[in-house]
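User: I have a structure open and would like to talk it through with you. Could we begin with the pockets and what lines them?

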Amino acid sequence: ARSRNCQTATLYNMSTFGRNYRVTTFGESHCKAVGVVIDGVPSRIAITEADIQPQLSRRRPGQSAISTKRNEADAPEILSGTEGGFTLGTPLAVRVLNLDMRPHDYKFLSETGDGSSSASTAVASKSSSFPLPPTFVPRPSHADYTYHLKYGITASSGGGRASARETIGRVIAGAVAEKCLRHFFPDFRIVAWTSGVGPFQFDITAKKYGDLLNTLTREMVDETMVRCPDKELAEKMQELITRLASEGDSTGGTVSCACFGTPAGLGEPCFDKLEALLAHAMLSIPATKGFEVGSGFAGTAMKGSEHNDIFVSKGGRLGTVTNNSGGIQGGISNGEPIVFRIAFKPPATISKAQKTANLSGDEQTLAAKGRHDPCVVNRAVPIVEAMAAIAILDAYLQQRTRE
């Protein structure tokens, strides 16, 4: 019985997030479709494809000059869980067809040192990718090698489940979660933005931006293709991304997010503290390497007298003058805006030639081909918003069980 329970737990955790609002994504980069099955959706919530499309459009590839050239419409199709435009309370299944695939672009992964490849070793061919040939060259810092180690097989092209195509299911589930949260809390809203690209950093709390943190909207964020609200900084970020892309290189960055109207009392100490759930959600996004809430690492350089958020009366409730806690204290939301930041590494797939090795350990020179983002932060913005909505709705539904 113990082994069966362990197996069940393992299977549950592979592609599913949440306890009450359970999100299971499916699909790979170059399969027929990607999507999501959501269990625990509250009933009688108005949901149609039109509610989902805006966030998918903000995430989709091919949307700007600094994104991958893969061009997908990413049109969602609700398969189950609604009737007459309202949720039934049953599992909600939504899919998005993959239309613009180029598996032959990944032939470079199985080329030999002289640039040739054979039918028996070409993992980008129609033949099986099991087992991988010894000439296979895993991309440095990509999931190619670790997926091979874990499963003994890997998707033959596009990155498989490690591809950003997987996040389509998350964005769908996040759009549904936001609709649910606004049903329960009309003032609830989430907005994320690019706060850093390479050396260029945007601090929305700087005095020169006034009250921008509290007034920022998604429409304002989308005024620049890099999704940084400071247009002068945005230009510099975009120029950097464009230059590095022309050199066959890439760069990393940060995305910040603020959640307004979150009710107080969410989070389950000790191990399911709200910031722990958010960290889990955010660090499950491809290419993430860091997470901080409120003052984050900068708070370590402050004195307690500087860092403490002093309580004051705010419209009949207790609030704080500052928000170094990022809206969470003791792992529980306190009613202030929840503010956090995520670090994204430079995309691993670059066309700039690099010395590496194939599975046999033989030295190879790898220059990746295909269509890839030179920086992911602008398309990561709606993904971060989605995972925030999913985590907060899950925490709220858990809190409702106490009432």
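Analyst: Before the pocket lining, the classes: Ala, Val, Leu, Ile, Met, Phe, Trp, Tyr, Cys and Pro count as nonpolar, Asp, Glu, Lys and Arg as charged, and the others, Gly among them, as polar. This is a predicted model, in which local features need pLDDT of at least 70 and side-chain atom pairs count only at pLDDT 80 or more, while totals for chains, interfaces and linings use all residues. Residues are numbered from 1 along each chain as its sequence is written, and side-chain values use heavy atoms, with hydrogens and water left out.

User: Fine, so how do the lining residues of the second largest pocket divide?

Analyst: The lining of the second largest pocket holds 10 nonpolar, 13 polar and six charged residues. On a 1 Å grid over the protein atoms alone, a pocket is an open set of points where a 1.4 Å probe fits, with protein on both sides within 12 Å along at least five of seven lines, and lining residues have an atom within 4 Å of a point.

User: How much space lies in that second largest pocket, and which residues are closest to its centre?

Analyst: The second largest pocket contains about 830 Å³ of space, where a volume is the space filled by probe spheres set on the points, and grid points are joined across faces, edges and corners. It is lined by 29 residues, and the closest to its centre are Asp203, Ile204, Thr205, Gly294 and Val339.

User: Which helices or strands supply at least two residues of that lining?

Analyst: Strand E8 (189-197), helix H5 (212-215) and strand E16 (338-344) each do so, and E16 gives the largest share, three residues. Helices (H or I, at least four residues) and strands (E, at least two) are DSSP runs, numbered from the N terminus, and the protein has 10 helices and 18 strands.

User: Switching to the inside, how much of the protein is buried?

Analyst: Of the 403 residues in the protein, 50% are buried, where buried means under 20% relative accessible area, exposed over 50%, and partly exposed in between (1.4 Å probe, protein chains only).

User: And which residues touch the most other members of the largest nonpolar core?

Analyst: They are Tyr21, Met282, Phe340 and Val384, in a core of 86 residues. The largest share of this core, 16 residues, comes from helix H10 (residues 377-400). A nonpolar core here is a set of buried Ala, Val, Leu, Ile, Met, Phe, Trp, Tyr and Cys residues joined through side-chain atoms within 4.5 Å.

User: What does Phe340 touch?

Analyst: Not counting residues up to four places away in sequence, Phe340 touches several residues, including Val255, Leu278, Met282, Phe291, Val384 and Ala388; contact means heavy atoms within 4.5 Å. Across the protein, among contacts between residues at least 6 apart in sequence, 70% join residues at least 24 apart.

User: I also wondered about aromatic pairs; how many are found in the whole structure?

Analyst: The search finds five aromatic pairs, with rings of Phe, Tyr and Trp (its six-membered ring) pairing if their centres lie within 6.5 Å, and planes under 30 degrees apart counted as stacked, over 60 as edge-to-face and the rest as tilted. One of the five is a tilted pair between Phe184 and Tyr396, 5.2 Å centre to centre with 45° between the planes. Phe184 lies in helix H4 (residues 167-184) and Tyr396 in helix H10, so the pair ties together parts that are 212 residues apart in sequence.

User: Are those two rings buried or exposed?

Analyst: Phe184 counts as partly exposed, at 23% relative accessibility, whereas Tyr396 is buried, with a relative accessible area of 11%. Phe202 and Tyr209 form an edge-to-face pair, 4.8 Å centre to centre with 70° between the planes; Phe202 is buried at 5% relative accessibility, and Tyr209 is buried at 18%.

User: Now the backbone: where is the cis peptide bond at Pro269 to Cys270?

Analyst: The bond from Pro269 to Cys270 is cis, with omega near 15°, and Cys270 is found in the loop between strand E10 (253-260) and helix H8 (274-283). Most residues other than glycine have a negative phi, and most peptide bonds are trans.

User: Which phi does Asp74 have, and where is its place?

Analyst: Asp74 is not a glycine, yet it has a positive phi of about 50°. Its place is in the loop between helix H2 (49-59) and strand E4 (76-80), and Asp74 counts as buried at 1% relative accessibility.
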